[in-house]
Amino acid sequence: MIKFEELIKSLILPLVAYPEDVEIILENDDAENLEYQVKVNANDFGRVIGKNGYVAKAIRTILYAGASKEGKRIHLDINSK
């Protein structure tokens with residue numbers, strides 16, 4: 001079983017300058033769907049999203065692949081504090 005919170009941390013923490021400000025919140029966990037919200041420092045928001053959203057898209061693609069393997073769907077929101 002994949003621990004998605006740890007996976008999200010391992011993908012986002014190397015990108016940020018303020019790792020102590022990263023919050024990962026599980027908003028919904030039912031049989032088929034997972035919803036996570038990630039809050040980062042406002043100064044790190046651009047780093048996590050990336051130019052034209054490419055970094056965020058890559059993070060989501062990795063999460064989608066893992067969730068698909070588990071037979072689930074995952075949704076990830078990234079916000080700044």
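Trainee: Buried means under 20% relative accessible area, and exposed means over 50%. With that in hand, is Gln37 buried or exposed?

Mentor: This is a predicted model, and in it Gln37 counts as buried because its relative accessibility is 15%, under the 20% limit.

Trainee: Where is Gln37 found?

Mentor: Gln37 is a residue of strand 2.

Trainee: And which residues does Gln37 touch?

Mentor: Setting aside residues up to four places away in sequence, Gln37 touches Glu23, Ile24, Ile25, Glu27, Asp77 and Asn79. Glu23 to Glu27 fall within the span of strand 1, residues 23-29, while Asp77 and Asn79 fall within that of strand 3, residues 73-80.

Trainee: How do strand 1 and strand 2 pair?

Mentor: Strand 1 and strand 2 (residues 33-40) run in the antiparallel sense and share six bridges. They form a hairpin, with three residues between them. One of the opposite pairs places Leu26 across from Tyr36 in strand 2.

Trainee: In which sense do strand 2 and strand 3 pair?

Mentor: Strand 2 and strand 3 pair in the parallel sense, over eight bridges. Here Glu35 stands opposite His75 in strand 3.

Trainee: How do side chains sit along a strand, as a general matter?

Mentor: In a regular strand they alternate between the two faces of the sheet.

Trainee: Stepping back, how many helices and strands does the protein have?

Mentor: The protein has three helices and three strands. Read from the N terminus, the order of these elements is α-β-β-α-α-β.

Trainee: What about overall size: how far does the C-alpha trace span?

Mentor: Along its principal axes the C-alpha trace spans about 35 × 20 × 15 Å. The radius of gyration is 12 Å, which agrees with the value near 12 Å that a compact globule of 81 residues would have.

Trainee: What share of the residues counts as buried?

Mentor: Of the 81 residues, 28% count as buried. The accessible surface comes to about 5,100 Å², and 49% of that surface belongs to carbon and sulfur atoms.

Trainee: How many positive and negative charges are there?

Mentor: There are 11 positive and 13 negative charges, and their mean positions lie 7 Å apart.

Trainee: Changing topic to contacts, what share joins residues at least 24 apart?

Mentor: The share is 60%, taken among contacts between residues at least 6 apart in sequence. For a pair that is distant in sequence, consider Lys3 and Gly66. These two are 63 residues apart in sequence, and their C-alpha atoms are 9.6 Å apart in space.

Trainee: Is Gly66 buried or exposed?

Mentor: Gly66 is buried, with a relative accessible area of 9%. Its place is in helix 3, which covers residues 54-69. Beyond its neighbours within four places in sequence, Gly66 is in contact with Ile2 and Phe4.

Trainee: And Lys3, buried or exposed?

Mentor: Lys3 is exposed, since its relative accessible area of 57% is over 50%. Lys3 lies in the segment before helix 1.

Trainee: Where does Leu15 lie?

Mentor: Leu15 lies in the loop between helix 1 (4-12) and strand 1. At 28% relative accessibility, Leu15 counts as partly exposed, because that value falls between the limits of 20% and 50%.

Trainee: Which residues is Leu15 in contact with?

Mentor: Apart from neighbours within four places in sequence, Leu15 is in contact with Arg47, Val48, Val55 and Ile59. Val48 is 33 residues away from Leu15 in sequence, yet the C-alpha atoms of the two are 6.3 Å apart.

Trainee: One last residue: what is phi of Asn52 near?

Mentor: Phi of Asn52 is near 60°, a positive value in a residue other than glycine.

Trainee: Which sign of phi do most residues other than glycine have?

Mentor: Most of them have a negative phi.

Trainee: Where does Asn52 lie, then?

Mentor: Asn52 lies in the loop between helix 2 (45-49) and helix 3. With 65% relative accessibility, Asn52 counts as exposed.

Key. Residues are numbered from 1 along each chain as its sequence is written. This is a predicted model: local features need pLDDT of at least 70, side-chain atom pairs count only at pLDDT 80 or more; totals for chains, interfaces and linings use all residues. Side-chain values use heavy atoms; hydrogens and water are left out. Helices (H or I, at least four residues) and strands (E, at least two) are DSSP runs, numbered from the N terminus. The radius of gyration is taken over C-alpha atoms; the globule rule is 2.2 Å times the number of residues to the power 0.38. Buried means under 20% relative accessible area, exposed over 50%, partly exposed in between (1.4 Å probe, protein chains only). Contact means heavy atoms within 4.5 Å. Accessible areas come from the Shrake-Rupley method with a 1.4 Å probe; for residues, only the protein chains shown count as cover. Lys and Arg count as positive and Asp and Glu as negative; His and the chain ends are not counted. The place of a charge is taken as NZ of Lys, CZ of Arg, CG of Asp or CD of Glu. Two strands pair if DSSP finds at least two bridges between them.
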